[in-house]
Every structure is written in C-alpha cells, then in structure tokens.
Amino acid sequence: MSKWHFITDGFVKNNPTFVLVLGMCPTLATTTSALNGLEMGLATMFVLVLSNIVISLVAPMVPDKVRIPVYITVIATFVTVLQLLMQAFTPAAYETLGLFIPLIVVNCIVLGRAEGFANKHSVGESALDGIGVGLGFTASLTVIGIVREILGSGSLFGWKFLPGDGILAFVMAPGAFLVLGYLMVLFNKYLAKK
Amino acid sequence: MEYFLIIVSAIFVNNILLAQFLGICPFLGVSNKLSTATGMSGAVCFVITLATVVTYLLNRYLLVPFGLQFLQTISFILVIAALVQMVEIVLKKISPSLYQALGIFLPLITTNCAVLGVAITVVTKDFALGGAAPHMLNLGQATVYALATSLGYGLAMCLFAGLREHLAGCDVPKAFKGLPIALITVGIMAMAFLGFSGIV
C-alpha cells in the first residue's frame, strides 16, 4: 500500500483548489450546480490521467528545451479527444460546460503536474498521481457546486427541496468568488487545527 | 453603433474577469501591486488582440475550408504559444523599454486562459447585439471585441490591485489572510459590476 499516498495527497496536502490554488477559472465558472462541478472535475481528470501517463513515457526522450511545447501538444491532443467524446456521448454536459472544455488545455493543474511530477516519475506513479489530483479537483468543485446550488437555487443535484428561487447572486458570478473565499477560510481553519 | 455596443458589453457587462471567469490565475497572482498590474494588463491587451486576429484568420481561411474545426483547440494553443515567443523576440529587438515593462509577463501569458478563451469565443459563439439577429463576428468586429475585452481585463485588474494595496495594511483575521479575503473582495466587486447588466 506504499503507493496509496499518491492518491490521498491530492485530497488534502496537495489539494489543487484550496492549497495550490490552481485552475481557478473552471473552478469559479462551472460550479453553478453540484452536477456541473462534478462533470467539470471528471473531464479534467480524464485529461490529467492520460496526459500524465503519456508525458511520463515520452519525457526521457524529449530534449529539455522543447519540453513545454511537447507537453502542451500532448495535453491539447487529449483535450480534443475529450471534446469529440463528449460531443458524441454527453452532448448536454458539453453544451453547459461550453468554453471550459477546450480551456482544459491551459488549466495550470494539468501542465503543473506534467512539469512537476510526471516527467520524473514512472508511468504507474504518474497515473496514480493523475487520479489523486483529479479526484481532489473533482471533490473541491463538487463541494463548491453543492454550496452554490443549495444557496442559489435551493436544490441539490437537481433535486429541489426548498420552494422559490433561492439567493440568485450565488448562481451568478459574485457567488462564485464569495463561496470559494469562505470555503478557503474553512479549509485554512481545518489545516491550522491539525 | 454595433462597435459601440461590442465595446460597452465587453468592458462592463460581460467583463472577462468578473463575469466570464477567464484569466483568474494571473489576476490573483500579480495584482498585489498596482505597477505590476498595469504591466500585466498592457501585455495581455497586446497579446489577446494580436492572437485573436491571427487565430481568426487561421480558422477562417484554413480550418473551415478544409472542415478541420475539431483542430481548433490544438492549433490555436500552438499559434498562441508561438506568437507570444515571437512578440517577445521582436519586442526585445525593436523596443527595449517596452520589453523592460512587459517582458517578464509575456511567458506567463501563454497559459493565460483569457487569450485562448477570447480566440475560441469569437470563432464559435453567435453574438446578438442591440436586437439584431445572432451572427458571427466579422474580422473588424472580432478585433474590436478582443481589444475591448482586454481593456475590461485591465480595468478590473487595476481596480482590484488598488483595493489590494489597501488590504495589505488591514488587520484581517488569520484564516482570511491572503487569498480568501482577496476572493471575497472580488466577489463584492463582481456584485458591483452586475449593476451594468441590462444596459446592452
């Protein structure tokens, strides 16, 4: 079980959203509901795991000077694969997440893990790291989505338990910043206690 | 009139940072000081406008005629990366003073999702302005849209940097220090910008 920590690290110690503060754009933009946050997290995880695997395989062959363009090309390829798959199998999710699917290319988490982890670890470890960080990202996005959906529309995963509209501001842009800010405060408190 | 609507909508109503959430990482990263914020805004403005024109032409005359739209993501990001590199080299040669001011920000811009975001938006989204039927932007409109969007980016960035300089001297609770309080401030700013919605 010595490799288990590659997965668990992504949740708390290296949490991409609350500790590393990477990939803020999709975090803020797509978490209008719990389901959207979950879908965005899983889409990012797909690209993260596959690009980590391929980059850890090609890294020894790539000259140092051109490594960033190579990594970006690998990542962009998997993003294109993801776009085509989503268009075919989950057109509704592709429609709601919109621009933020192609923008996974410039998500700093993916390039960050390629540069910071995958190019100096084995394929297996890189795959586990991709899964761990991907799950951490998915979990954070889902939590933000849950809070915003409860406050903003009085429902959870589409199941409505409060009558009326909720506080509209939480589904709109300002709510994203506020919820993320306050959740970060809670996370800091939790880390300080440990 | 249409150009005016594009400009107002891109700067205030659909502000790229506060309403569309593009380019948040550098926004939070370099907005500690007003001087770096202005430098970054200038560099972003330059690159977004240039990149949008180039990718628009690439899409119009290469990808669409050959039915290769699925290559948009990968070709745009490579064009942007190459362009940023080229801008850096050219700037270094012809205007060392401008290079001094913008130089350190240029490498950061390749992974600024605002650049790719605007480039993809202008070639995929239909715009409905002033009651006209939704249509794609032409080259002139796309350029104006890119320029106005990046001005909106600069506006939000400089406003926020000004606020943040004051925040640095405030006594905030420990758990709120740094990013959390910054995010809450942006939230309040975004709420203020919501007031513009509905004017276009």
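A residue counts as buried when its relative accessible area is under 20%. F187(A), at 14% relative accessibility, is therefore buried. That residue makes a good starting point for a tour of this structure, which is a predicted model.

**How confident is the prediction?**

Chain A has a mean pLDDT of 87, with 99% of its residues at 70 or more. Within chain A, confidence is highest in helix α3 (residues 34-58), at 93, and lowest in α1(A), at a mean of 78. As a reading tip, predicted coordinates should not be read in detail where pLDDT is low.

**A cluster of rings in chain A**

Over all chains, there are eight aromatic pairs. One of them joins F18(A) and F187(A): this pair is stacked, with 5.2 Å centre to centre and 20° between the planes. What does the pair tie together? F18(A) sits in the loop between α1 (4-8) and α2 (24-29) of chain A, while F187(A) belongs to helix α8 (residues 173-193) of chain A, so the two rings tie together parts that are 169 residues apart in sequence. Both F18(A) and F187(A) are buried.

F187(A) has a second partner, Y190(A): their planes stand at 55°, so this pair is tilted, and the ring centres are 6.4 Å apart. Here both partners lie in helix α8 of chain A, three residues apart, which is about one turn of the helix. Through these ring pairs, F18(A), F187(A) and Y190(A) are linked into a cluster.

The two pairs can be set side by side:

| Ring pair | Centre to centre | Angle between planes | Kind |
|---|---|---|---|
| F18(A) and F187(A) | 5.2 Å | 20° | stacked |
| F187(A) and Y190(A) | 6.4 Å | 55° | tilted |

**From the cluster to the surface**

Is Y190(A) buried or exposed? With 43% relative accessibility, Y190(A) counts as partly exposed. Y190(A) also takes part in a nonpolar patch on the surface, together with V19(A), L20(A) and L191(A), and these residues have about 310 Å² of accessible area together. V19(A) comes from the loop between α1 and α2 of chain A, and V19(A) is partly exposed, with a relative accessible area of 34%.

**A buried residue in chain B**

Chain B has its own helix α8 (residues 139-167), and T149(B) lies in this helix. T149(B) is buried, with a relative accessible area of 2%. Which residues does T149(B) touch? Leaving aside residues up to four places away in sequence, T149(B) touches A10(B), I16(B) and V118(B).

Definitions and conventions: Residues are numbered from 1 along each chain as its sequence is written. Chains are lettered from A and ligands numbered from 1 in the order in which they are written. This is a predicted model: local features need pLDDT of at least 70, side-chain atom pairs count only at pLDDT 80 or more; totals for chains, interfaces and linings use all residues. Side-chain values use heavy atoms; hydrogens and water are left out. Rings of Phe, Tyr and Trp (its six-membered ring) pair if their centres lie within 6.5 Å; planes under 30 degrees apart count as stacked, over 60 as edge-to-face and the rest as tilted. Helices (H or I, at least four residues) and strands (E, at least two) are DSSP runs, numbered from the N terminus. Buried means under 20% relative accessible area, exposed over 50%, partly exposed in between (1.4 Å probe, protein chains only). pLDDT is the predictor's confidence in each residue, from 0 to 100. Patches are made of residues with over 30% relative accessible area and no salt bridge: like charges are joined within 9 Å, nonpolar side chains (Val, Leu, Ile, Met, Phe, Trp, Tyr) within 5 Å. Accessible areas come from the Shrake-Rupley method with a 1.4 Å probe; for residues, only the protein chains shown count as cover. A salt bridge is a side-chain nitrogen of Lys or Arg within 4 Å of a carboxyl oxygen of Asp or Glu. Contact means heavy atoms within 4.5 Å.
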